[in-house]
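Trainee: I am new to this structure and would be grateful for a close look at a single part of it. Please choose one place to start and then work outward through its surroundings.

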Amino acid sequence: DCIGAIFPVLGFNLQLWNEATIKILAQVLYTVWAFSRVRIFKRYAISKSVSRHPQNLGKATIYDHLIDFVIAILTVTFVIDILPIDLGLGLKSLLTFGGIGTLIISMAVKDLAAEFLHGLWLFASEQVYEGESILLGDGTCGIVTDIDWMHTTVRGFDEVEIIIPNSQFFGGKLSNKSRITKCRVKQTFRFKHSDMNKIPQFIVDVKREIKNCCPKLICDGSRPFQVHLRSIEETHLAVILDMHFDLKPEGDDDFDNRQNVLLAVGNILDKYQIELVQISNFGV
C-alpha cells in the first residue's frame, strides 16, 4: 500500500509492474528500513554507554564502526537473498575466479591483516594509551608516543624511538607502569660474621628510621614491611630489606623515596659502625 501511494507521486507507473516485482521491491525496502532502525538503535545504545563511561570513547568508536560494517554486510546479504537473481554460467565463472583471486590475495596479505586485527584489539582492549610508560616481556620499555593500526611507537628512556608490530602485544607480556599505584624497594645487605650481635638492633632502628622519613610507606599489614636476617652464608650474613610504598614506580617521587630509604639505612650503618662485605671479598 505504501509503495502504491508513494511511487506514483515519484513518477513510477506501477501498472507496468507485475505483483511479484512489487512484492520483491517491498521486501527489499522493508529489509533496508529494518537494518537502518537497528543502526539507529546501535548509535543510541553506544552514546548512552559513553555518557556513563567517557573513558571508553575510544573503544566505543571502534565498536561503532565494526557494527556498521556487520550491518552493511547483513543488509546486502538479505537483499541478494530476496532478489531472484539467476547467476548464469558466465557470472558463476567470474565469481569463481574472483573467489580464487581473493584466496590468493588473502594468503599474500595475511600477515598484514593479522597486524591490522592486532591493532584493532589493542585499541579495543584499552590496555595502553599514548603517553603511558610500558614494559614488554622482551625488556623493551619506554613511553608510548603513537598507536597505529599496524604498529606502535615507543620512545625509550635513551630517547631512541622503537617501532613495534602490534602482534607483539597480542599474547605477550605487557606491563603498564603508568597504571601501577604501588612501588617496592628490595635490597640485600651483606654483614660480616663479627657483626652478628649488632643485627637485631640494626633491624629495629632501620624500621623506625624508614617510618619517620618515608610517609608513603605501607605498614598496615597489606604489604610486606620486612627487615630480616635471611641467611648465614660462609662469607657473610644476608639481611633482606623488603618494603612497599604508595607511590607510582617511576618519576622523581619514586627515586627520591628510594634515596630516602638508602640514606636511612646508611645512617644506621654509621651509627653502629657496620661495614658491609664487599662483593669482591667472596668472589661473586
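Mentor: Let us start with a single residue. Aspartate 254 counts as buried, its relative accessibility being 4%, where the limit for that class is under 20%. Please keep in mind throughout that the model is a predicted one. Aspartate 254 has its place in helix α7. If neighbours within four places in sequence are set aside, the residues in contact with aspartate 254 are Cys183, Lys248 and Pro249. The helix that holds aspartate 254, α7, lies across β6 and β8, and its direction makes an angle of about 25° with β6.

This leads to the sheet itself. The sheet is open and has 3 strands, in the order β6-β8-β7, and the pairing is antiparallel. The edges are taken by β6 (183-191) and β7 (225-232); each has a single partner strand, so one side of each has no neighbour in the sheet. From one strand to the next, the twist averages 15°. A second helix, α6 (residues 199-213), also packs on the sheet, where it touches β6, β7 and β8. The direction of α6 makes about 155° with that of β7.

The pairings may now be taken one at a time. As a general matter, the strands of a sheet pair through backbone hydrogen bonds, in either a parallel or an antiparallel sense. Here β6 and β8 run antiparallel and are joined by 9 bridges. Within this pairing, glutamine 187 has leucine 241 of β8 as its bridge partner. On the other edge, β7 pairs with β8 (residues 237-245) over 7 bridges, again in the antiparallel sense. Two positions illustrate this second pairing: serine 231 stands opposite alanine 238 in β8, and leucine 229 stands opposite valine 239 in β8. The connection from β7 to β8 is a hairpin through 4 residues.

The strand β8 deserves a closer look. Of its 9 residues, 9 are buried, so β8 is largely enclosed by the rest of the structure. In a regular strand, side chains alternate between the two faces of the sheet. Both faces of β8 are covered. On one side, Leu237, Val239, Leu241, Met243 and Phe245 are buried; on the other side, Ala238, Ile240, Asp242 and His244 are buried too. Leucine 241, named above as the partner of glutamine 187, therefore belongs to a strand largely enclosed by the rest of the structure.

Finally, one may follow α7 (251-271) to the segment after it, where glutamine 273 lies. Glutamine 273 is exposed, with a relative accessible area of 67%, whereas aspartate 254 in the helix is buried at 4%. Glutamine 273 is not a glycine, yet its phi is positive, at about 50°. Another residue with a positive phi is glutamate 159, near 75°, and this residue too is other than glycine. Glutamate 159 is found in the loop between β3 (151-155) and β4 (161-165), and its relative accessibility of 58% makes it exposed.

Note on methods. Residues are numbered from 1 along each chain as its sequence is written. This is a predicted model: local features need pLDDT of at least 70, side-chain atom pairs count only at pLDDT 80 or more; totals for chains, interfaces and linings use all residues. Side-chain values use heavy atoms; hydrogens and water are left out. Buried means under 20% relative accessible area, exposed over 50%, partly exposed in between (1.4 Å probe, protein chains only). Two strands pair if DSSP finds at least two bridges between them. Axes are lines fitted to C-alpha atoms, for helices over the stretch in contact, and angles run from 0 to 180 degrees between N-to-C directions. Contact means heavy atoms within 4.5 Å.
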